[in-house]
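Q: I am new to this structure. Please take a close look at one part of it, and then show me how that part fits with the rest.

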Amino acid sequence: MIGKFKIGISVCTEKLSPSSPVVYTGNIRETIEKCAALGYDGIELQLRDPEKLDLNLICPLLEKHDMKVCAIATGLEYSLNHLSMISDDPFVR
């Protein structure tokens, strides 16, 4: 933590192109361990399909490394399927 600010980093369980604004992709266990080793306080989790997330794996890993999910982002899902959690359209949301 820097002063009173906590620092998070953008991650995704899927492999993305190198030009994506996501720093770490792929294996979530390795990703969380890397982020913790680098001193991050949390992760911004880029979601495509929340049903594929293994919360029984992710939650204990975050707790073990004293980290939190600081944000859940849907940019990936929006760019691929035009779905968004903040859309006014209930079908899109």
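Which exposed residues are carried by the face of α2 turned away from its buried side?

A: The model is predicted. Asn 56, Glu 63 and Lys 64 are the exposed residues on the face of α2 turned away from its buried side. Exposed means over 50% relative accessible area, and buried means under 20%.

Now turn to the buried side. Helix α2 spans residues 55–64. Within α2, Ile 58, Leu 61 and Leu 62 are buried. Looking down the helix axis, these buried residues of α2 fall within an arc of 100°, so they line one face. They pack against α1, β3 and β4.

Each of those partners is worth a look. Start with α1. This helix covers residues 28–37. Its buried residues include Ile 28, Thr 31, Ile 32 and Cys 35. They sit on the same side of α1, because the arc they cover around the axis is only 95°. What covers the buried residues of α1 includes α2, along with β1, β2 and β3. The two helices thus appear in each other's surroundings: α1 is among the elements packed by the buried residues of α2, and α2 is among those covering the buried residues of α1.

Next come the strands. Strands β3 and β4 both pack with the buried residues of α2, and they belong to an open sheet of four strands. The order in the sheet is β2-β1-β3-β4, and the pairing is parallel. Strands β2 and β4 stand at the edges. Each has a single partner strand, so one side of each lacks a neighbour in the sheet.

Walk across the sheet from the β4 edge. Strand β4 runs from 68 to 73. It pairs with β3, residues 42–46, in the parallel sense over five bridges. Ile 43 stands opposite Val 69 in β4. On to the next pair: β3 is joined to β1 by five bridges, and these two strands run parallel. Here Cys 12 stands opposite Gln 46 in β3. Strand β1, residues 8–12, is mostly covered, with four of its five residues buried. At the other edge, two bridges join β1 to β2, again running parallel. Val 11 stands opposite Tyr 24 in β2. Strand β2 takes in residues 24–25.

What lies on either side of α2 along the chain? Before α2 comes the loop between β3 and α2, which holds Lys 52. Lys 52 counts as exposed, because its relative accessibility is 68%. Its C-alpha atom is 18 Å from that of Ser 79, which is 27 residues away along the chain. After α2 comes the loop to β4, where Asp 66 lies. Asp 66 has a phi near 55°, a positive value in a residue other than glycine. Most residues other than glycine have a negative phi. Asp 66 is also exposed, at 65% relative accessibility.

A second positive phi turns up further along. His 82 is in the segment after α3. Its phi is about 60°, although it is not a glycine. With a relative accessibility of 52%, His 82 counts as exposed.

The segment after α3 (75–81) also holds Ile 86. This residue is exposed, with a relative accessible area of 75%. It helps make a nonpolar surface patch of about 410 Å², together with Val 69, Ile 72 and Met 85. Val 69 has come up before: it is the β4 residue opposite Ile 43.

Finally, step back to the whole chain. It has three helices and four strands. Along the sequence they follow the pattern β-β-α-β-α-β-α. Of the 93 residues, 31% are buried. The C-alpha trace spans about 40 × 30 × 30 Å along its principal axes. The accessible surface comes to about 6500 Å², and 55% of that belongs to carbon and sulfur atoms. Among contacts with a separation of 6 or more, 61% involve residues 24 or more positions apart.

Back to α2, then. Its buried face holds Ile 58, Leu 61 and Leu 62. These pack against α1, β3 and β4. The face turned away carries Asn 56, Glu 63 and Lys 64, which are exposed.

Note on methods
Residues numbered from 1 in each chain as written. Predicted model: local features only at pLDDT ≥ 70, side-chain atom pairs only at ≥ 80, totals over all residues. Heavy atoms only, no water. Patch = residues over 30% accessible without salt bridge, like charges linked within 9 Å, V, L, I, M, F, W, Y side chains within 5 Å. Areas by Shrake-Rupley, 256 points an atom, 1.4 Å probe, with all protein chains shown as cover. Salt bridge = Lys/Arg side-chain N within 4 Å of Asp/Glu carboxyl O. Buried < 20%, exposed > 50% of the residue type's maximum accessible area, 1.4 Å probe, protein only. Pairing = 2+ DSSP bridges. Arc of directions from axis to C-beta. Contact = heavy atoms within 4.5 Å.
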